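Good morning, everyone, and thank you for making room for me today. I would like to walk through one structure slowly, taking a few places in turn, and I invite you to follow along on the screen.

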Amino acid sequence: MEETQNILRDSFGRDHSYLRISLTELCNLRCTYCMPAEGIALSPKSHIMTYEEVYNIAKIFVKHGVSKIRLTGGEPLVRKDADVIIEKLASLPVELSLTTNAVLVDRFIEIFKTNGIRTINVSLDSLDPDKFLQITRRNNFDKVYKNIMLLVNEGFKVKLNVVLMKGFNDNEIIDFIELTKDLPIVIRFIEFMPFSGNQWNKEKLVSLQYILETVDKSYDESTIMRLTDAPNDTSKNYQIENYKGSFAIISSITNPFCDSCNRIRLTANGQLKNCLFSTTESDLLTQYRAGENIEPIIQKTIQAKYKMRGGMDTNKKLEDASLHAQNRSMITIGG
Ligand code: SAM
Ligand code: SF4
């Protein structure tokens, strides 16, 4: 018993209490930075975890100390039994939340409420409907914006994820921050990250430093407040004085936060990834279906975690496209 107690502690002493579960590889949007233009090879349906498997595998992680679960995808809400999965996971002693593109959110308000989901992360990369169409390859801006307002009005804590890309939406940084003047939301600017097939290059990166310089130019220094970040927070948090909401920067590229990482990821086809950037993964589902004890595989996977960004610890490695190509596309990892 003693042996399995710390299976979620890695060789650098990091405890992994936060599990992100991707429910599907499918999505109703086609964001260019996430889904390769040529599409992805989908796993056969029989390789995708059923809702019972999601629940039973999650339970094993909870037994070993996971206290927070985030549902993601693809788009988690396109899964037909998303409501059942939410209900099942809500019965576990965890903080349950999800990341969504919000297209279908209006159908889930009551399900979120009855299952104790209070915080929802929504992806929105532009406030301009034409640019939204360009980046998502779908004409859903009005629906998404309306659903974000619905979530706010229904009392959910909303965090808006904005992936910034040079020459595309970096001129909207202040427009997004101005939303927080009257709305009690958190805008989270995310540095564009490299994954298989997403045409990443460092010229497209909008860095933490650039974002802060842009903010400095637009607001009086005395009104820009640095907030205290939560433990294991991946973001640096700020607020403009007297604004209802706040903003944050997630700088996985220029300022990684690997030292305090507590995250592990389970893909929709039941593979455990010990890091967003890892090029290897462990097949939990096949072993689980074979009736094997998956705890030793989990432990081994956690032990194999690199200190930083799945081993991409230098800019040179980060810029090496042959290394990204060994990872999955983001749409099949789940962010
Ligand atoms: N479909 C849901 C959504 O869009 O919110 C959940 C899945 S999505 C893969 C999770 C998050 O990953 C989103 O906030 C998205 O913006 C982010 N993401 C996807 N590709 C990214 C990339 N290359 N760099 C940074 N963030 C990325
Ligand atoms: Fe779909 Fe989310 Fe990826 Fe966009 S970021 S393609 S909404 S999974």
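Let me begin with a term: a residue is called buried when its relative accessible area is under 20%, exposed when that value is over 50%, and partly exposed in between. Please also keep in mind that what you see is a predicted model.

With that term in hand, we can turn to Ala102, which sits in the loop between β3 (95-100) and α3 (109-114). Is Ala102 buried or exposed? Its relative accessible area is 0%, and because the limit for buried is under 20%, Ala102 counts as buried. The backbone is worth a look here as well, since phi of Ala102 is near 75°, a positive value in a residue other than glycine.

Arg137 also has a positive phi without being glycine, in this case near 60°. You will find Arg137 in the loop between α4 (129-136) and α5 (141-153), and with a relative accessible area of 30% it is partly exposed.

If we stay in the loop between α4 and α5, we come to Asn140, which is partly exposed too, at a relative accessible area of 21%. Setting aside residues up to four places away in sequence, Asn140 touches Leu29, Val103 and Phe132. For a sense of distance, the C-alpha atoms of Asn140 and Ile240, which are 100 residues apart along the chain, are separated by 30 Å.

Leu29, which we have just met as a contact of Asn140, brings us to ligand 2. Which residues surround ligand 2? They are Cys27, Leu29, Arg30, Cys31, Cys34, Gly74 and Asn101, and by class this shell holds 4 nonpolar residues, 2 polar ones and 1 charged one.

Now to the interior. In soluble globular proteins, nonpolar side chains tend to be buried together. In this model the largest nonpolar core has 101 residues, and those with the most contacts inside it are Ile21, Ile69, Leu89 and Phe112. The element that gives the most to this core is helix α1 (residues 51-63), with 7 residues. If we take Ile21 and leave aside its neighbours within four places in sequence, its contacts include Ile69 and Leu89, along with Met49, Val54, Ala58 and Leu266.

Next come the empty spaces, starting with the cavities. How many cavities of 30 Å³ or more are there? The count comes to 1, and the largest cavity holds about 30 Å³ of space. Its lining consists of Asn232, Asp233, Thr234, Phe257, Ser260, Cys261, Asn262 and Arg263, which divide into 2 nonpolar, 4 polar and 2 charged residues.

Two of these lining residues, Thr234 and Phe257, are also touched by Ser251, whose other contacts beyond four places in sequence are Glu191, Leu208, Lys236 and Pro256. Ser251 itself lies in the loop between β9 (246-250) and β10 (263-266), and at 0% relative accessibility it counts as buried.

Last, let me show you the second largest pocket, which holds about 410 Å³ of space. It is lined by 15 residues, and those nearest its centre are Thr24, Leu26, Lys45, Ile48 and Arg79. By class, that lining has 7 nonpolar, 3 polar and 5 charged residues.

That is the end of my tour, and I am happy to go back to any of these places with you.

Methods. Residues numbered from 1 in each chain as written. Chains lettered and ligands numbered in written order. Predicted model: local features only at pLDDT ≥ 70, side-chain atom pairs only at ≥ 80, totals over all residues. Heavy atoms only, no water. Near = heavy atom within 4 Å. Nonpolar A, V, L, I, M, F, W, Y, C, P; charged D, E, K, R; others polar. Core = buried A, V, L, I, M, F, W, Y, C linked by side-chain atoms within 4.5 Å. Buried < 20%, exposed > 50% of the residue type's maximum accessible area, 1.4 Å probe, protein only. Helix = DSSP H or I, 4+ residues; strand = E, 2+ residues; numbered from the N terminus. Contact = heavy atoms within 4.5 Å. 1 Å grid on protein atoms, 1.4 Å probe; cavity = no way out; pocket = protein on both sides within 12 Å on 5 of 7 lines; lining within 4 Å. Points joined across faces, edges and corners; volume = space filled by probe spheres on them.
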